[in-house]
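Me: Can we go through how the labels on this one are earned? I'd like each value set against its cut-off.

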Amino acid sequence: MGSAERIWAQVMRHIHIWRSSGLRLIDSIYWPAVQMVMWGFMTQYLLPQASFVAQAAGVLLSGLLLWEVVVRGNLSLSIAFLEEIWSRNLGHLFVSPIRSWEMATGIIVAALLRTLLGLVPVSLMAWAFFGYSIYSLGLPLIAFFAILQMFSWSIGLAMSGLVMRVGQSAESFAWAAVFILMPVSGVYYPISILPQWLQVIAHALPTAYVFEGMRAIMAEQIVHWDLLGFAFGLSVVYLVVGFQVFQWFFRLSRRAGTLLGQGE
């Protein structure tokens, strides 16, 4: 029960920060909204000219919105962790009874809430502006969201651990790490067009299976549950690894005595 209370206290801390300054949440809506409007108009332009877009209207918007699940999940977790560094609160947290895994769990929950607060309004905007609802994907959408969120958390935890160990000089990695995976995730195109060696990398990432699955539903009305199950398993493995990397960096930081010196 003590762990649950400490995790919830960590989550409530971030909720109170958001309530005290709504501007902190604007970027969670602003950038996805800008991207959605841009790709929405691009879809409108391509609709009468590209047969694939015509057959699967909304495929570009779906790719965008699902990719934003990865981006927002990673950034929301990284921001939740960096808030502790920016406010010089990291040392105070770890002289309290909270454990490192409880803190990691707390920022994961905070990241999930922040992601939902950002992407749900943007998905409704896509329906209002362009007449496309990503919820038309049905039950597989829940699987897509869960797979992509867990994968984004694994990256966020690993990068947060790196920042904890190395310091704020590594902060840029927390923002940029996820984008290097976009070309091999098949967000807007099939994995089959990649060179063979890149396809090998793509098939080791759960994101590739999600976006291939999304296109299969929209173009062929087929749900590849077997591939989604494999992607879910991959995400669980990555999340466990991300947790372990975070814990490892925490132990290194504690031994080096750098936890109390973190902050601006």
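Reply: Sure, starting with axes: they are lines fitted to C-alpha atoms, for helices over the stretch in contact, and angles run from 0 to 180 degrees between N-to-C directions. This is a predicted model, where local features need pLDDT of at least 70, side-chain atom pairs count only at pLDDT 80 or more, and totals for chains, interfaces and linings use all residues. Residues are numbered from 1 along each chain as its sequence is written, and side-chain values use heavy atoms, with hydrogens and water left out.

Me: Why are α7 and α11 called roughly parallel?

Reply: Helix α7 (residues 140-166) packs against helix α11 (residues 225-256) at about 20°, with the axes 8 Å apart. Under 35 degrees counts as roughly parallel, over 145 as roughly antiparallel, 65 to 115 as roughly perpendicular and the rest as oblique, so α7 and α11 get the roughly parallel label.

Me: How do you know that α4 has the span expected for a helix?

Reply: The expected span is 1.5 Å times one less than the number of residues. For the 28 residues of α4 (59-86) that gives 40 Å, and the end C-alpha atoms are 39 Å apart, so the two agree. Just after α4, R88 has a positive phi of about 55°.

Me: What makes R215 buried?

Reply: Buried means under 20% relative accessible area, exposed over 50%, partly exposed in between (1.4 Å probe, protein chains only). R215 is at 8%, so it counts as buried. R215 sits in helix α10 (residues 206-220), and its side chain reaches the backbone oxygen of Y189 at 3.0 Å. As for α4, 27 of its 28 residues are buried.

Technical notes. Helices (H or I, at least four residues) and strands (E, at least two) are DSSP runs, numbered from the N terminus. A polar contact is a pair of N or O atoms within 3.5 Å; within protein, one must be able to donate a hydrogen and the other to accept it, and residues adjacent in sequence count only if both atoms are side-chain atoms.
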